[in-house]
Amino acid sequence: MSSSLAAASNTAACRNTHTKTPLRTGFLWSFIRWLVIGVVLLWSLAALILVAARWIDPPTTAVHIQRHLQAWIHRTPYHERYKFIPLSQISPDLQHAVVAAEDARFYQHHGFDWHQIEIAAEDDLEGERTRGASTITQQLVKNLFFGTGRSILRKGAEVTLVPVAEVVLGKQRILEIYLNVVEWGPGIYGAESACRYYDETAARNIGRQQAARLAAILPAPLKRRPERMNNYSAIILKRMGQMGW
């Protein structure tokens, strides 16, 4: 009798084990499938937003939303200045200064500057990272969708969206959107707001010296001020001259 009970118990245990294993495997595959579907849907939405941005000016960006949330969490005052204007209303000097400062090969590459990426990788190996490798297109995608945070997942998504931006927007529209949404100080977004705030004039009226100073604060807009950028603005002016501007 006891041996029969033991055998029955072993049989039941084996059945439970075999039942649980397929259930766990099935749940894992179901989770992975829905995760992939979710990622594909989010990527498709971002791609559609980029297509729409060819004709529609972005009302906000991930960076704008991030700064609003940070101010709300820390209960600090926050006033946003953001006005989108056509590229034709932004001084050519400011356009040239930003390209010279942020992405000198902007009109030559197709979204990624492999030469700068190689230099940055070599600097990383030597432990002396002195420059970034992100292009204006990469920075625009990051501004629109990902905010200022850094992660491998964000970088991976950015890499897949940059070619979409290059194809559907084109260089002039990329530059136009970037100059209008980029952060230029606490709550200050875009060329028009920056020029009004720092120089009390419209973006169309900014000259070379002012433009170089404004471009010089873009790598760290929350810490830098144009009037303190004498050395870097001189470098930007030199680059502009070398580029025929």
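**Helices, pockets and buried side chains**

Colleague: Let's start with helix 7, residues 191-199; which of its residues are buried?

Modeller: Keep in mind that this is a predicted model. To count as buried, a residue needs under 20% relative accessible area. In helix 7, the ones that pass are A191, E192, S193, A194, C195 and Y198.

Colleague: And which elements do those buried residues pack against?

Modeller: Helices and strands both take part. On the helix side, there are helix 3 (92-102), helix 6 and helix 8 (208-216). The strands packed against the buried residues of helix 7 are strand 1 (81-82), strand 2 (183-185) and strand 3 (188-189).

Colleague: What comes right after helix 7, and what is its phi?

Modeller: The residue that follows is E200, in the loop between helix 7 and helix 8. E200 counts as exposed because its relative accessible area is 72%, and the cut-off for exposed is over 50%. E200 isn't a glycine, yet its phi is positive, near 55 degrees.

Colleague: R75 also has a positive phi without being a glycine; is R75 buried or exposed?

Modeller: R75 sits in the loop between helix 2 and strand 1, with a phi of about 55 degrees. Its relative accessibility comes to 77%, so R75 counts as exposed.

Colleague: Moving on to helix 8, what covers its buried residues?

Modeller: The residues in question are A211, A212, L214, A215 and A216. Their cover includes strand 2 and three helices: helix 3, helix 7 and helix 9 (230-242).

Colleague: Back to helix 2: which backbone atom lies 3.4 Å from a polar atom of the H64 side chain?

Modeller: H64 lies in helix 2 and counts as buried because its relative accessibility is 0%. Leaving aside neighbours within four places in sequence, H64 is in contact with Y78, E80, Y82, V181 and Y189. One of those contacts supplies the atom you want: the backbone oxygen of V181.

Colleague: A62 is in that helix too; how far apart are the C-alpha atoms of A62 and F145?

Modeller: A62 belongs to helix 2, residues 62-74, and counts as buried because its relative accessibility is 17%. Beyond four places in sequence, A62 touches N143, L144, F145, F146 and G147. Along the chain A62 and F145 are 83 residues apart, but their C-alpha atoms are separated by 5.2 Å.

Colleague: What about Q138: how far is a polar atom of its side chain from the backbone nitrogen of T135?

Modeller: Q138 is in helix 5, residues 136-145, and is buried because its relative accessible area is 5%. Leaving aside neighbours within four places, its contacts are G111, F112, A133, K155, E158 and V162. The polar pair you ask about, with the backbone nitrogen of T135, comes out at 3.0 Å.

Colleague: Which element gives the largest share of the lining of the second largest pocket?

Modeller: That pocket holds about 380 Å³ of space. Residues lining it include V39, W43, F145, F146 and L161. Two elements give two or more residues to the lining, helix 6 (152-181) being one of them. The largest share, five residues, comes from helix 1.

Colleague: Zooming out, how many helices and strands does the chain have?

Modeller: From the N terminus, the order runs α-α-β-α-α-α-α-β-β-α-α-α. The secondary structure comes to nine helices and three strands.

Colleague: Among contacts between residues at least 6 apart in sequence, what percentage joins residues at least 24 apart?

Modeller: Some background first: the chain has 245 residues, and buried ones make up 40% of them. The chain exposes about 14,600 Å², with carbon and sulfur atoms supplying 60% of that. As for contacts between residues at least 6 apart, the share joining residues at least 24 apart is 67%.

Colleague: Last one: which stretch has a pLDDT below 50?

Modeller: For the chain, the mean pLDDT is 87, and 85% of residues reach 70 or more. The stretch you ask about has zero contacts in the model beyond near neighbours in sequence. Its pLDDT is below 50 over residues 5-9.

Definitions and conventions
Residues numbered from 1 in each chain as written. Predicted model: local features only at pLDDT ≥ 70, side-chain atom pairs only at ≥ 80, totals over all residues. Heavy atoms only, no water. Helix = DSSP H or I, 4+ residues; strand = E, 2+ residues; numbered from the N terminus. Buried < 20%, exposed > 50% of the residue type's maximum accessible area, 1.4 Å probe, protein only. Contact = heavy atoms within 4.5 Å. Areas by Shrake-Rupley, 256 points an atom, 1.4 Å probe, with all protein chains shown as cover. Polar contact = N/O pair within 3.5 Å; in protein donor to acceptor, adjacent residues only side chain to side chain. pLDDT = per-residue confidence, 0-100. 1 Å grid on protein atoms, 1.4 Å probe; cavity = no way out; pocket = protein on both sides within 12 Å on 5 of 7 lines; lining within 4 Å. Points joined across faces, edges and corners; volume = space filled by probe spheres on them.
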